[in-house]
Amino acid sequence: MNPVPESPSLYPCGRPLLSFPEPLKLVILGATGSIGKQTLEIVRANPERLQVVAVSCRGRWQDLIQELDLLKTACPAFALPLVAITDPLARKEAHHSGNFGSRLLGEGSAALLEAVETPEDVHVVVNGVVGAAGLAPTLAAARRGVRIALANKESLVVGGDLVIREVFENGAEVLPVDSEHSAMAQCLSGRTQSEVHKLILTASGGPFRQTSAAEMENVNLAQVLNHPTWNMGPKVTVDSATLMNKGLEVIEAHYLFCVPYERIDVVVHPGSYIHSLVEFVDGALLAQLGTPDMKLPIQYAISGEKHWPLPGSRLDLLEIGQLVFEPPDRERFPCLELARLAGLAGGSATIALNGANEVAVAALLAGKIKYADIPRIIEEVLSSQPSLSVASLQDALAFDTQARRAAEALVARISTTAS
Ligand SMILES: NC(=O)c1ccc[n+]([C@@H]2O[C@H](COP(=O)([O-])OP(=O)(O)OC[C@H]3O[C@@H](n4cnc5c(N)ncnc54)[C@H](OP(=O)(O)O)[C@@H]3O)[C@@H](O)[C@H]2O)c1
């Protein structure tokens, strides 16, 4: 086992990347989601470089069949991967359908771990699961000592210190998939951690950038889900509207690049052309620009930071004309500040933040609460839970359950009052 260094940047800044022979063998967790489907699209475009050995979903197993059919058509060396379906009822249906035969893994969330642990050879685990459910498989991938292409930011928000320990002790590496953190990684290529002064995360501002606080009290779900620049899964789209997504990304950046919170800034950049920036100790500011296409950061992480060809639209600087920046409005978007405060408090505070947010977002999507209730629920949960140290996955899961129960009680109270 290797020791954890004093300044543990999960992102291998200044350290050599792991090297694997092609085809790279991939486990894709959350294969039916927005990140998962785009990852499969990249595999189909690079069948000689990439091979899928395991996939997972929660319940949408029919979507998985469609995705695997597309893969079979595009990849001459296709072999049916191992399949993890975590929802028990859906797994039963999938089993009876006979589509996956002996490739179907066991029941419940343990199947996610099996998907990481069972294949004989694994080089890259793409974690495209949404929510805290992604933490345990991230830790399992770290224990396998492989490359983790991490989209599941909640892994670091809920278990950042645990992930650091497993990654360093087992010689794994984490390459970010989130476009902002990928942008920073691209700026950091060939640099060392001591050269970094500040990280600057850009935010589109979401659909309510110009909406008044009074109007935000009554926005409907369709307005919340109408993201101006990115097309993503429902949870991250809601998080983008509350700016909680940016708050979670600040915490993610803290763990990935080992930069203190005081040196992580957020700037609203409505066009989303600049995906993020790094300021170096000599004042040099490097940015990465591109169209809003997640395939670029996904491919950059999977490939081990190679710029492989990628068809698609290109950014036309003359068409853009100018780049616009604004400060974030922390009063209208309290989630951003709540996340920063939870990050500064450390320990179980970020678990409470995340658990309360997941419950509140699910309640909004189910029509039980209003958009404006989300920060109120999170704030109340955060102030009711002391920040305690987190020594293990069991601790993290216990704090997560505690926060969810507190948030569920608040949701029940709000929905009863409203009806
Ligand atoms: N989408 C983006 O462009 C984007 C960009 C940056 C970062 N991210 C991050 O990437 C992660 C995934 O986002 P997404 O937008 O791809 O989400 P998504 O479209 O909702 O997909 C989530 C995937 O995870 C599976 N899943 C959901 N809950 C699960 C659970 N409890 N246990 C196991 N599997 C579960 C889903 O299976 P079913 O389909 O069967 O429900 C689906 O395959 C999030 O952490 C998000 O913040 C996404």
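**Close-up 1. Burial and surroundings of Thr-32 in the predicted model.** In this predicted model, Thr-32 has a relative accessible area of 7% and is therefore buried, a term that applies under 20%. Thr-32 belongs to the loop that lies between strand E1 (24–29) and helix H1 (34–45). When residues up to four places away in sequence are not counted, Thr-32 touches Lys-37, Ser-56, Cys-57, Arg-60, Asp-63 and Leu-64.

**Close-up 2. Phe-100 and Leu-353 in the largest nonpolar core.** The largest nonpolar core has 130 residues, and the members that touch the most others are Phe-100 and Leu-353. Helix H15 (residues 349–365) provides the largest share of this core, with 10 residues. Around Phe-100, leaving aside neighbours within four places in sequence, the residues in contact are Trp-61, Leu-64, Ile-65, Leu-68, Leu-80, Val-83, Ile-85 and Ala-94. Leu-64 in this list is also a residue that Thr-32 touches, so named in the legend of the preceding close-up.

**Close-up 3. Domain 2 set against domain 3.** The domain assignment of the protein gives domain 1 (24–177), domain 2, which is made up of two segments (182–291 + 315–320), and domain 3 (346–418). Between domain 2 and domain 3, the contact takes 17 residues from the former and 14 residues from the latter. The C-alpha centres of these two domains, domain 2 and domain 3, lie 24 Å apart. Together, domain 2 and domain 3 bury about 1300 Å² between them, and 71% of this area is on carbon and sulfur atoms. On the side of domain 2, Glu-217, Lys-235 and Met-244 supply 35% of the area buried against domain 3, which is more than any other three residues supply.

**Close-up 4. Polar pairs and helices at the interface of domain 2 and domain 3.** Two salt bridges are found by the rule across the interface of domain 2 and domain 3, and the rule also finds four residue pairs in polar contact there, with both residues at pLDDT 80 or more. Glu-217 forms a salt bridge with Lys-370, in which the closest N and O atoms are 3.6 Å apart. On the side of domain 2 that touches domain 3, the elements giving two or more residues are helix H9 (221–224), helix H10 (234–242) and helix H11 (244–257). Of these helices, H10 gives the largest share of that side, namely six residues.

Notes
Residues numbered from 1 in each chain as written. Predicted model: local features only at pLDDT ≥ 70, side-chain atom pairs only at ≥ 80, totals over all residues. Heavy atoms only, no water. Core = buried A, V, L, I, M, F, W, Y, C linked by side-chain atoms within 4.5 Å. Buried < 20%, exposed > 50% of the residue type's maximum accessible area, 1.4 Å probe, protein only. Helix = DSSP H or I, 4+ residues; strand = E, 2+ residues; numbered from the N terminus. Contact = heavy atoms within 4.5 Å. Domains from an automatic or database assignment. Buried area = accessible area lost by both parts, 1.4 Å probe. Salt bridge = Lys/Arg side-chain N within 4 Å of Asp/Glu carboxyl O. Polar contact = N/O pair within 3.5 Å; in protein donor to acceptor, adjacent residues only side chain to side chain.
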